[in-house]
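User: Please take a close look at one part of this structure for me: the interior. I would like the enclosed space and the packing around it in one connected account.

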There are 2 protein chains.
Amino acid sequence: MHKWQERSRPLRLERRFEFATYELTRDFLDCLGKLCEKRQRFPDISFGKTYVNLTLQIDSEDEDSQASDLDKEFAMEIDALIDEDSD
Amino acid sequence: MHKWQERSRPLRLERRFEFATYELTRDFLDCLGKLCEKRQRFPDISFGKTYVNLTLQIDSEDEDSQASDLDKEFAMEIDALIDEDSD
């Protein structure tokens, strides 16, 4: 979770992933797509040949709300898709 | 080609695609991925559940260069991935 940044207005979690090759980027995106479908949660994703930027929008009624445990759990599930010491 | 916008600084072609379902978005991204690999050309892609925004960066030495025929050909190949009357 430590590689995610929590930002406000709008409240969201952001993280950038970088990969050595386009194949690794595609593999990650395929796994991520399956997880999104399973959780029915669809982050905003932007990617190029060897990077992926993820933005998890967070439902927040009031100004000082924070990422919920559910949000953090989803972020950690995404982290688990990559071998942490490979990035 | 008419649905692409040419923008400058930096010179690029942009287009937004929208889909009825996440499955259609994924199908498009899979086909696009194969085309990118075949052409070894990797646009900046951002997408969510039912939209894909594409940005084709264009190599331009001087201020008044334009998208080349090759750039436009690649854009039309991407257009061909979707059934034009479906979006």
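Analyst: What follows starts at the cavity and then moves to the packed residues. Keep in mind that this is a predicted model.

Start with the enclosed space. The structure holds one cavity of 30 Å³ or more. About 160 Å³ of space lies in that largest cavity. Its lining comprises 18 residues. Nearest the centre are Leu29(A), Asp30(A), Arg26(B), Leu29(B) and Phe47(B). Residues of both chains are thus named around the centre.

Which elements build the wall? Three of them supply at least two lining residues each: α1 (22-39) of chain A, β3 (44-47) of chain A and α1 (22-39) of chain B. The largest share comes from α1(A), with seven residues. By class, the lining has 11 nonpolar residues. Another three are polar and four are charged.

Now stay with α1 of chain B, where Tyr22(B) has its place. Tyr22(B) counts as buried because its relative accessibility is 5%, and the cut-off for buried is under 20%. Its contacts cross between the chains. Leaving aside neighbours within four places in sequence, Tyr22(B) touches Gly33(A), Cys36(A), Glu37(A) and Phe42(A) in chain A. In chain B, it is in contact with Lys49(B) and Thr50(B). Lys49(B) sits 27 residues from Tyr22(B) along the chain, yet their C-alpha atoms are separated by 5.1 Å.

Next, helix α2 of chain A, residues 69-79. Its buried residues are Asp71(A), Phe74(A), Ala75(A), Ile78(A) and Asp79(A). Seen down the axis of α2(A), these fall within an arc of 150°, so they line one face of the helix. On the other side, Asp69(A) and Leu70(A) are exposed. The buried residues pack against three elements of chain A: β2 (12-18), α1 and β4 (51-57).

Ile78(A), one of those buried residues, leads to the nonpolar core. In soluble globular proteins, nonpolar side chains tend to be buried together. Here the largest nonpolar core has 46 residues. Ile78(A) and Ile78(B) touch the most other members.

What does Ile78(B) contact, leaving aside its neighbours within four places in sequence? The aromatic partners are Trp4(B), Phe17(B) and Phe28(B). The leucine partners are Leu32(B), Leu35(B), Leu54(B) and Leu56(B).

Conventions:
Residues numbered from 1 in each chain as written. Chains lettered and ligands numbered in written order. Predicted model: local features only at pLDDT ≥ 70, side-chain atom pairs only at ≥ 80, totals over all residues. Heavy atoms only, no water. 1 Å grid on protein atoms, 1.4 Å probe; cavity = no way out; pocket = protein on both sides within 12 Å on 5 of 7 lines; lining within 4 Å. Points joined across faces, edges and corners; volume = space filled by probe spheres on them. Helix = DSSP H or I, 4+ residues; strand = E, 2+ residues; numbered from the N terminus. Nonpolar A, V, L, I, M, F, W, Y, C, P; charged D, E, K, R; others polar. Buried < 20%, exposed > 50% of the residue type's maximum accessible area, 1.4 Å probe, protein only. Arc of directions from axis to C-beta. Contact = heavy atoms within 4.5 Å. Core = buried A, V, L, I, M, F, W, Y, C linked by side-chain atoms within 4.5 Å.
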